[in-house]
Amino acid sequence: MKLVIGIVRPEKTNDVLEALYRADVRGITMTKVQGHGGELERQETYRGTTVRMGLADKVRFEIAVSDAFVTTTIEALRAGGQTGEVGDGKIFVVDLEQVVRIRTGETDNQAVTPAAGA
Ligand SMILES: Nc1ncnc2c1ncn2[C@@H]1O[C@H](COP(=O)(O)OP(=O)(O)OP(=O)(O)O)[C@@H](O)[C@H]1O
Ligand SMILES: [Mg+2]
């Protein structure tokens with residue numbers, strides 16, 4: 001199992017959700033975050049020009065998936081999040097040790113995918 005973390009532009013949130021839905025990826029957490037992706041803001045000061053590490057509003061998706069769904073999830077995040085411009089965001093894939101569904105006690109691959117009929 002992997003935890004796929006996708007950081008995207010806030011205005012691409014709905015496109016990402018739609019792409020995930022179309023790819024049958026269910027079970028998503030989304031948070032509003034701020035991040036820095038290397039772009040420097042130039043600031044004029046009375047002694048000259050300085051640069052500032054600015055923070056931009058982003059949206060962070062966290063999606064726990066079985067190994068079979070990793071590629072699909074990455075592709076959906078890219079399809080929904082890409083504009084082609086600098087600052088489109090990034091995807092991190094990390095190993096996931098354990099998942100527990102609180103209602104049933106199911107674990108791991110039985111727990112990452114929403115139960116049938118749910
Ligand atoms: N190495 C990183 N570690 C943690 N978060 C990152 C990292 N790189 C990017 N991010 C997050 O992703 C957001 C968008 O980053 P950004 O798209 O600018 O990445 P990039 O690698 O510089 O790509 P690009 O060349 O398209 O700008 C950042 O605001 C930050 O939240
Ligand atoms: Mg960048």
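In this predicted model, a backbone N or O atom of Asp-88 lies 3.3 Å from an oxygen atom of ligand 1, a polar contact being a pair of N or O atoms within 3.5 Å. A backbone N or O atom of Gly-89 comes to 2.6 Å from a ligand oxygen atom, and for Lys-90 a polar side-chain atom lies 2.9 Å from an oxygen atom of ligand 1. The protein covers 64% of the 610 Å² of accessible area that ligand 1 has on its own, with areas taken from the Shrake-Rupley method with a 1.4 Å probe.

The model is predicted, so that local features need pLDDT of at least 70 and side-chain atom pairs count only at pLDDT 80 or more, while totals for chains, interfaces and linings use all residues. Residues are numbered from 1 along each chain as its sequence is written, chains are lettered from A and ligands numbered from 1 in the order in which they are written, and side-chain values use heavy atoms, with hydrogens and water left out.

The shell around ligand 1 includes Ile-7, His-36, Glu-39, Lys-58, Val-86 and Phe-92, where a residue belongs if one of its heavy atoms lies within 4 Å of the ligand. Strand S6 (residues 89-95) gives the most to this shell, with three residues; strands are DSSP runs of at least two residues and helices of at least four.

Ligand 1 sits in the largest pocket, which requires that more than half of its atoms lie within 2 Å of the pocket's grid points. A pocket is an open set of points on a 1 Å grid over the protein atoms alone, where a 1.4 Å probe fits, with protein on both sides within 12 Å along at least five of seven lines, and its lining residues have an atom within 4 Å of a point.

The largest pocket holds about 390 Å³ of space, and among its 17 lining residues Gly-35, His-36, Gly-37, Glu-39 and Lys-58 lie nearest its centre. The second largest pocket holds about 160 Å³; of its 13 lining residues, those closest to the centre are Gly-27, Ile-28, Thr-29, Ala-64 and Val-112. S5 gives the largest share of that second lining, three residues.

The residue classes are set out below, with Gly counted as polar.

| Residue set | Nonpolar | Polar | Charged |
|---|---|---|---|
| Shell around ligand 1 | three residues | five residues | four residues |
| Lining of the largest pocket | five residues | seven residues | five residues |
| Lining of the second largest pocket | eight residues | three residues | two residues |

Conventions. Polar contact = N/O pair within 3.5 Å; in protein donor to acceptor, adjacent residues only side chain to side chain. Points joined across faces, edges and corners; volume = space filled by probe spheres on them.
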